[in-house]
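Me: I have a structure to go through with you. Please keep the answers short and show your reasoning.

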Amino acid sequence: MAALLAKWLHLSRLLALSLVVLFGLDLCALFIWLAGPQVTQQIQQLGEQLPQSITLLQHRLENPTGV
């Protein structure tokens, strides 16, 4: 990608590589900014449901017949 950018814009490979890396980091930051609230909500839900699931699993392991 950097080689193509360097050739197309007549830049040095180092500068083109720097631009590609910065663009990639910007894309990652944008994804985190957009998906962050949803991921946070899902982590909170997991924190609420996990203890209940563990208790249910323990109960089922102690009573395998479902009694």
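Me: Which residues form a nonpolar patch on the surface?
Reply: First, the ground rules: this is a predicted model, with local features needing pLDDT of at least 70, side-chain atom pairs counting only at pLDDT 80 or more, and totals for chains, interfaces and linings using all residues. Residues are numbered from 1 along each chain as its sequence is written, and side-chain values use heavy atoms, with hydrogens and water left out. A patch takes residues with over 30% relative accessible area and no salt bridge (a side-chain nitrogen of Lys or Arg within 4 Å of a carboxyl oxygen of Asp or Glu); like charges are joined within 9 Å, and nonpolar side chains (Val, Leu, Ile, Met, Phe, Trp, Tyr) within 5 Å. With about 600 Å² of accessible area together (Shrake-Rupley method, 1.4 Å probe, only the protein chains shown as cover for residues), the patch is formed by Phe 23, Leu 27, Leu 30, Trp 33 and Leu 34.

Me: Is Phe 23 buried or exposed?
Reply: Buried means under 20% relative accessible area, exposed over 50%, and partly exposed in between (1.4 Å probe, protein chains only). Phe 23 has 54% relative accessibility, so Phe 23 counts as exposed.

Me: Which helix holds Phe 23?
Reply: Helices (H or I, at least four residues) and strands (E, at least two) are DSSP runs, numbered from the N terminus. The chain has two helices and zero strands. Phe 23 falls within residues 13–62, and that is helix H2.

Me: How far apart are the end C-alpha atoms of H2?
Reply: The expected span is 1.5 Å times one less than the number of residues. For the 50 residues of H2, a straight helix would reach 74 Å, but the ends are only 64 Å apart.

Me: Where does the kink in H2 lie?
Reply: The bend at a residue is the angle between axes fitted to the seven residues ending there and the seven starting there. In H2 the kink is about 50 degrees. Shortly before the proline Pro 37, it lies at Ala 35.

Me: What radius of gyration does the chain have?
Reply: The radius is taken over C-alpha atoms, and the globule rule is 2.2 Å times the number of residues to the power 0.38. A compact globule of 67 residues would come near 11 Å, but the chain has 24 Å.

Me: Which residue has a positive phi although it is not a glycine?
Reply: Most residues other than glycine have a negative phi. Here a phi of about 60 degrees turns up in the loop between H1 and H2. The residue is His 10.
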